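Work through these exercises with the model open beside you. Try each task before you read its solution.

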Amino acid sequence: MEKGKRTRAGNRAERAPLGKERAAGVLLHIASLPGKYGIGTLGKEARQFADFLHAAGMRYWQVLPLVQTGYGDSPYQSVYGASGNPYFIDLETLAEEGLLKKSELASCAHTGGRIDYGFLHERKFALLRKAFSRFDCFDQAFRAFEEGGAFRDYALYMALKTAHGGQGFACWKRKYKFRDPAALNGFLRANKKEYLFWLFVQYEFSRQWQTLKEYVNGLGIRIIGDIPLYVAYDSADVWANAHLFKLNKNLTCRKVAGVPPDYFSATGQLWGNPVYDWKAHEAEGFAWWIGRIRRAFALYDVVRLDHFRGFDRYFEIPAGSETAVGGRWRKGPGMALFSAVRQALGDVPFIAEDLGTIDGGVRRLIKASGFPSMKVLEFAFDGDPNNAYLPQNIGENSVTYTGTHDNDTLVGYLSSLQGWEKERLAAIAKPLLKAAGIPVRIAGVKSAARAIVLLALSVPSRLTVLPMQDILLTGSETRMNTPSTDAGNWQYRLSRMPSGAAAEELRRALEAAGRA
């Protein structure tokens, strides 16, 4: 097919489970796309990247949560789990719509390497507010969007946050904190313009995302999205549904989420998100979760369920703890949730992120659900022949990654190994490469990284997903996230669009592995 030519293949594939055919995809968040305005957007660079994927023979594009970020600029901490990130709105598209002048875009020009969220908060929101000042709020399509009510709680929450100097609902007046209807209606009447601004950004995001998704699907590429297990405490999700979380009577957290010590952190990870009251969810037929998943499949073709093990058992920590060491395991909803989802939405395609502390309960839940699980090759080379991530131990119903957004890049990971660890990895990898018919000689860090990329493509998994950093063989400076750290994350950006030569090389690798 001619590069950039659109077909209806992707639309036919929507909501279908991962197919029997071997395929490959790329993990790159929208934020990491190149461009002139400080962060990746839903504009022409996103379409150009889709063209690159198509030229390379990729059939999946995986992104991180598209949400408006909150604490630490993390896509796993959002003011509303179904929101779109205002930073991803393409300014040039707004200019084409007559909402901004071309000359005004210069105030947001920022072509430096890493994402500067402080710059974006100051400059991009200023331009979005300027665009809103020229927007016709009586536009029929916008009125229908407003009356649909999907973003009412979000827009009201953001208007209240603005009125309270950016503070979350824990610091609001009692009448707003506890959602007194008369007080909220009065606030809305007095602050309708601010409320409409936040609806406007979601309206523009939704329009631009659907345009991009149609383009991507038209190239025969499906989008893999991500549902975080938890939502942020400072969010419209918790404020509007406090009874579904383990909160105190004053709406402070009673228990918070995290994970015990593991290979990412010796003291565990203290995420701080409020944990669910699963009995309350079950009493309502899991309606909140069904709605959340329905919204996710309006955005994505396939959904990765983050921290899947938490649906079997979850780790809760007393609020106020300094680390996760004192937490306890609690029983999750298990198949009761997924049976309710299946009854309401049908057999929608999930990927289970089953990394971390895995036990028999998680394995049984994976088997009962039938969802493909995740295999990460960075975890494969510890010398244990029974290691579940070794290529010979990977089954077909799985998705293989070289690494995830929480891992160091392959080049960074390999560079960090001690000499004996590198020797062990090479001793394990060489016979695997030979058995797969991959003619790569391991003679240094980058050749070893390339060998692992090719091994990932050779495994039995129906789908292999490669982080863009591992395709480009870049180092730790391009890592997306380091768990249990608060600074320096989520800032990676491509400096330029990958070349046609890179696409051709990648296509040849996919063809050799039977994935093109």
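**Exercise 1. Helix packing**

Task: In this predicted model, find how helix α6 and helix α8 pack, and say whether they are roughly parallel or roughly perpendicular.

Solution:
- Locate the helices: α6 covers residues 152-163 and α8 covers residues 181-190.
- Take the geometry. The packing angle is about 75°, and the axes lie 11 Å apart.
- Apply the cut-off: 65 to 115 degrees counts as roughly perpendicular. Therefore α6 and α8 are roughly perpendicular to each other.
- List the residues that meet. From α6 come R152, L156, A159, L160 and A163; from α8 come L184, N185, F187 and L188.
- Sort this contact by class: seven residues are nonpolar, one is polar and one is charged.

**Exercise 2. The sheet**

Task: What is the strand order in the open sheet of four strands, and which strands are at its edges?

Solution:
- Read the order: β5-β4-β7-β8, with antiparallel pairing.
- Look for strands that pair on one side only. These are β5 (269-274) and β8 (328-331), the edge strands.
- Check the twist. Neighbouring strands are turned by 45° against each other on average, direction ignored.
- Now take one pair. Four bridges join β4 (residues 255-259) to β7 (residues 313-318). Within this pair, A257 stands opposite E316 in β7.

**Exercise 3. The nonpolar core**

Task: Which residues touch the most other members of the largest nonpolar core, and which helix gives the largest share of it?

Solution:
- The core holds 182 residues. I30, F49, M58, W61, W209, W289 and F311 touch the most other members.
- Helix α9 (residues 192-218) supplies the largest share, 13 residues.
- Follow F311. Leaving aside neighbours within four places in sequence, its contacts include L229, W278, W289, L305, F338 and L365.
- Return to α9, where S206 is found. S206 has a relative accessible area of 24%, so it is partly exposed. Its C-alpha atom is separated by 8.9 Å from that of L299, 93 residues apart along the chain.

**Exercise 4. Positive phi**

Task: D73 and F286 have positive phi. Where is each placed, and is each buried or partly exposed?

Solution:
- D73 has a phi of about 60° although it is not a glycine. Its place is the loop between β2 (60-62) and α3 (91-96).
- F286 has a phi near 60° and is likewise a residue other than glycine. F286 is in the loop between α11 (278-283) and α12 (287-299).
- Apply the cut-off: buried means under 20% relative accessible area. F286, at 4%, is therefore buried. D73, at 25%, is partly exposed.

Notes. Residues are numbered from 1 along each chain as its sequence is written. This is a predicted model: local features need pLDDT of at least 70, side-chain atom pairs count only at pLDDT 80 or more; totals for chains, interfaces and linings use all residues. Side-chain values use heavy atoms; hydrogens and water are left out. Two strands pair if DSSP finds at least two bridges between them. Helices (H or I, at least four residues) and strands (E, at least two) are DSSP runs, numbered from the N terminus. Axes are lines fitted to C-alpha atoms, for helices over the stretch in contact, and angles run from 0 to 180 degrees between N-to-C directions. Angles under 35 degrees count as roughly parallel, over 145 as roughly antiparallel, 65 to 115 as roughly perpendicular and the rest as oblique. Contact means heavy atoms within 4.5 Å. Ala, Val, Leu, Ile, Met, Phe, Trp, Tyr, Cys and Pro count as nonpolar, Asp, Glu, Lys and Arg as charged, and the others, Gly among them, as polar. A nonpolar core is a set of buried Ala, Val, Leu, Ile, Met, Phe, Trp, Tyr and Cys residues joined through side-chain atoms within 4.5 Å. Buried means under 20% relative accessible area, exposed over 50%, partly exposed in between (1.4 Å probe, protein chains only).
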